[in-house]
Amino acid sequence: MIKLIASDMDGTLLNSKGNLPEDFDKVADKLINKGVVLVAASGRQYYTLKNTFSNIKDDMVFLAENGAYVVYKNKELYSSIISKEEVIKIIESSRKIPGVDIVLCGKNGAYIENTEERFLTEVKKYYHKYEVVESLLEAKDDFVKVSLFDSLGAAENSNKVMNPLWGEKFKVTVSGEDWLDLINKDANKGNSLKVIQKLLNIDKNETMVFGDYFNDVEMLQEAYHSYAMMNAPEGVKKHSRFLAKTNDEDGVMRVIKEKVLKEA
């Protein structure tokens, strides 16, 4: 019996236009009434997820910032803080990379310096609560992630600089075509999912997970019912037990309705 369903957002639950499936609210209500715990697992910030699921925010676990910050019923379950000294060093390294803008991610919001239109459009997509500051070095918060928006392509540009520099100390992950994330080594979606499973006394066989990118791999490994999307890279698919149709075909909803709700 499935007791917990965790889904990534972009490229997984959301379609390519960034919208939830049309029948999401209806399906979510049925799952909640069955006692199934729903987890939104994303690189997006907590406030963005909370806004997206405002209708069921008190019934949902928010696994935000790629696992570095987890909140349930307005209560923090887990966080992994990067020291201010390390944050400063990461910022200084990032500033030397062409085509890169920095988002400093804290518990209380996100912080940016650049207000150029393309960058700001992307920031607004993922960070509901953000603040423009004169210098990131002066921002005050508990920081859980440093995210780089890379207009030249994260995998081929910033990752080739930051992984050799910081890969031994931090988890450096290409989380999208234009995004590179740095979080503490112990912070990932898989470890955060284990925290939730332990708290709620739910095991892998009772867990269903959906993901489409490399930042979902550890989470896929924490569930027997692990589904990679058909639109996922082959390197991600090999870590899942099953495949779901693409995000533009409502792959997550199709599996849930068939396997959990037992609908045709």
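Which element gives the largest share of the lining of the largest pocket? That share, three residues, comes from α5. The model is predicted. This briefing covers its pocket, its cavities and one buried asparagine, Asn 157.

**The largest pocket**

- The space in the largest pocket comes to about 720 Å³.
- Two or more lining residues come from each of α1 (9–13), α5 (117–126), β9, β10 (170–176) and β11 (179–184).
- Its lining counts 30 residues. Nearest the pocket centre lie Asp 10, Gly 11, Tyr 126, Ser 175 and Gly 176.
- Sorted by class, the pocket lining holds 13 polar, eleven charged and six nonpolar residues.
- Both domain 1 (4–79 + 187–260) and domain 2 (84–184) supply at least three residues to the pocket lining.

**The largest cavity**

- Two cavities of 30 Å³ or more are present in the structure.
- The largest cavity encloses about 100 Å³ of space.
- It is lined by 15 residues. Ser 7, Leu 13, Phe 24, Leu 38 and Met 60 are the closest to its centre.
- β1 (4–7), α1, α2 (24–33), β2 (37–41) and α10 (251–260) each give two or more residues to this lining.
- The lining of the largest cavity has 14 nonpolar residues, one polar residue and no charged residue.

**The second largest cavity**

- The second largest cavity has about 40 Å³ of volume.
- Its lining consists of Asn 66, Lys 171, Thr 173, Ile 183, Asn 188, Lys 189, Asn 215 and Glu 218.
- Four of these lining residues are polar, three are charged and one is nonpolar.
- Domain 1 (4–79 + 187–260) and domain 2 (84–184) each contribute at least three residues to the lining of the second largest cavity.

**Asn 157**

- Asn 157 sits in a loop. That loop runs between β9 (143–150) and α6 (158–166).
- Is Asn 157 buried or exposed? Asn 157 counts as buried because its relative accessibility is 14%, and the cut-off for buried is under 20%.
- Beyond its neighbours within four places in sequence, Asn 157 contacts Ile 97, Pro 98, Val 100, Asp 150 and Leu 152.
- One of these contacts, Asp 150, falls within the range of β9 (143–150).

**Points to keep in view**

- α1 gives two or more residues to the lining of the largest pocket. α1 also gives two or more to the lining of the largest cavity.
- Domain 1 and domain 2 both help line the largest pocket. Both also help line the second largest cavity.

Conventions. Residues are numbered from 1 along each chain as its sequence is written. This is a predicted model: local features need pLDDT of at least 70, side-chain atom pairs count only at pLDDT 80 or more; totals for chains, interfaces and linings use all residues. Side-chain values use heavy atoms; hydrogens and water are left out. Helices (H or I, at least four residues) and strands (E, at least two) are DSSP runs, numbered from the N terminus. Buried means under 20% relative accessible area, exposed over 50%, partly exposed in between (1.4 Å probe, protein chains only). Contact means heavy atoms within 4.5 Å. On a 1 Å grid over the protein atoms alone, a cavity is a set of points where a 1.4 Å probe fits but cannot get out, and a pocket is an open set with protein on both sides within 12 Å along at least five of seven lines; lining residues have an atom within 4 Å of a point. Grid points are joined across faces, edges and corners, and a volume is the space filled by probe spheres set on the points. Ala, Val, Leu, Ile, Met, Phe, Trp, Tyr, Cys and Pro count as nonpolar, Asp, Glu, Lys and Arg as charged, and the others, Gly among them, as polar. Domain bounds come from an automatic or database domain assignment.
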